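The following exercises are to be worked with the sequence and the model at hand. Each task is followed by a solution in steps.

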Amino acid sequence: MSETFSPEWKAGIHVDHPGLVGVLDIGSNSVRLVVFEADGRMPIPLFNEKALCGLGAGLQETGHLSEPGVRSAMENLERYFTIARGMGVEDMSVLATAAVRDAANGDEFVSSIEEQFGHRVTVLSGDEEARLSALGVISAFPQADGVVGDLGGGSLELVDVQNGQARRFETTPLGPLRLGDLTAQSQDAMTARIDQILSGVDWLGALDGRDLYAVGGAWRSLARAHMELTDYPLEVIHNYAIGAGEASRFLEEITRMGRKDMRALNAISKRRVDKLPITALVLKRLIELGRARQVVFSSFGLREGCLYDRLPQGEQARDPLIESCMDIAYKSSRFSPHPDVLERWISPFFENVPASEQRLIRAACALSDFAWGEHPSYRGEHAFNRVLRLPVVGLNHADRVFLACAILSRYTGTLEEEGTLRVRKLLSLRRRDLALNVGLALRLALTLSGGATELLESARLERERDMVGERGFVISMHGHQGGLAGDVVTRRITALAEALGQEIRIEH
């Protein structure tokens, strides 16, 4: 699906950042360019912009792409191709979806793009669009088990996913541009129409008791609205989850909300207000007819799936959270990072921690020195806020708060910062204590080694045991490594020992 640029295009490229990968997504409602740093397991977006062009407006009635939409799309495509050329993007996929696929003048529009900008456009079939959207979700949720629903302006793609595989696909004409404005129609009649279309998805019952992964800008707007109305403490859309019952009640409220009330919501773009009730109704009926357990919002979809599809199977199998954190470590640590050394060294403190939290400890080890360049008085605050908002996936909101608290503790030795109070309620007391202890253990390890973690190889940490049982921990220092001990190290040991409620001693 990736295309090589024409000679005319490449003649204008100025390559400052070799390896940049672009995906230009021409949808029924929006045109979006995303430029990624590299084509790997977790590519980092360097540029992400969309224009709401409305190509598919009126398509249901006319069978043609909207003339104003075409003009707006061509204007914004010129901007995006110019930006991609200026950035030195040599590898870019240009994808068109439902509106272009279904419109009588879709081929003419594609020819205009190819002629004017010198780049081939791939018009995705409904099944291919659904498959790539599902792969985007799988790339962010490797253990995804449920149904992906990708709502675009012109269609709703549904995909059954399990064990890292997309199993069944269905494309439905349930895009808001096709359905029209809910306020101008009977809600009962529109509900009957949506139900009739969804009844044609003969495997929709597979959603029963499983998760619905909601993809698409309109549905993400609903997530933002729910966060605002419930005063949710963490403004991160990806992996935001709402139980089915609560989601149905909220969506019903949105379908009956007037324009004035919706415009009063800060979370809603003014350009999405008119279509918000119909998108809420589609999501509500999908949750209820499929009997979903919960709805989980995903920021990953078609564009990320396009990149994931190109990876070797071994790359796809890697943990997206750990890969992201390792990438951050290599770019921001003081010395060559050795998170494996850190993880091995502190592991005796956390032998009985569940595997799911061992994984978060591994991520914390990777991020443990990434804020070293900040002003000492603000390192903890900066690191905490940055981790909360890092563009990483593979963790839910509680996990994200756990990781941020562990890094805060690593820098400050406490979780009692004012900025933590709102989000800490997403963690149980047990997990708060564990995050504090992980941070204190990292604080000790990095203080002991001065950040040169190779030194920890000669300062072995072990759990002490006797005939009665476990007594505490001992740090054995050999030869010249005995000189690592000092007042600051003693203070770090005391703080961690008090938090663990166990003795930690140094043995030369």
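**Exercise 1.** Which side chain is joined to that of Arg32 by a polar contact?

*Solution.* The model is a predicted one: local features need pLDDT of at least 70, side-chain atom pairs count only at pLDDT 80 or more, and totals for chains, interfaces and linings use all residues. Residues are numbered from 1 along each chain as its sequence is written, and side-chain values use heavy atoms, with hydrogens and water left out.

Step 1. Locate Arg32 in strand S3, residues 30-36; strands (E, at least two residues) and helices (H or I, at least four) are DSSP runs, numbered from the N terminus.

Step 2. Apply the definition: a polar contact is a pair of N or O atoms within 3.5 Å, where within protein one must be able to donate a hydrogen and the other to accept it, and residues adjacent in sequence count only if both atoms are side-chain atoms. The partner is Asn48, whose side chain meets that of Arg32 at 2.6 Å.

Step 3. Examine charge. Lys and Arg count as positive, Asp and Glu as negative, while His and the chain ends are not counted. A salt bridge requires a side-chain nitrogen of Lys or Arg within 4 Å of a carboxyl oxygen of Asp or Glu. Arg32 is buried but has no salt bridge, and Asp25, the nearest side chain of opposite charge, is 6.1 Å away. Buried means under 20% relative accessible area, exposed over 50%, and partly exposed in between (1.4 Å probe, protein chains only).

**Exercise 2.** Determine how Lys284 and Glu288 are related in the helix, and whether each is buried or partly exposed.

*Solution.*

Step 1. The side chains of Lys284 and Glu288 form a salt bridge, with N to O at 3.1 Å.

Step 2. Both belong to helix H12 (residues 276-290); because they are 4 residues apart, about one helical turn separates them.

Step 3. Lys284 has a relative accessible area of 12% and is therefore buried, whereas Glu288, at 30%, is partly exposed.

Step 4. The pair belongs to a network of salt bridges that links Asp195, Glu252, Arg256, Lys284, Arg285 and Glu288.

**Exercise 3.** Which residues does Asp160 and Glu315 each pair with in a salt bridge?

*Solution.*

Step 1. Asp160 pairs with Arg168 at 2.7 Å, N to O. Asp160 is buried at 0% relative accessibility, and Arg168 is partly exposed at 32%.

Step 2. Glu315 pairs with Arg318, their closest N and O atoms being 3.3 Å apart. Glu315 is partly exposed at 22%, as is Arg318 at 41%.

Step 3. The count of salt bridges comes to 38.

**Exercise 4.** Describe the largest nonpolar core and the helix that gives it the largest share.

*Solution.*

Step 1. A nonpolar core is a set of buried Ala, Val, Leu, Ile, Met, Phe, Trp, Tyr and Cys residues joined through side-chain atoms within 4.5 Å. The largest has 112 residues, and those with the most contacts inside it are Trp219, Phe297, Trp345, Ile346 and Phe349.

Step 2. Helix H21 (residues 429-449) supplies the largest share, 11 residues.

Step 3. Of the 21 residues of H21, 16 are buried, so this helix is largely enclosed by the rest of the structure.

Step 4. The expected span is 1.5 Å times one less than the number of residues. For H21 this gives 30 Å, which agrees with the 30 Å between its end C-alpha atoms.

Step 5. Just after H21, Gly450 takes a positive phi of about 70°.
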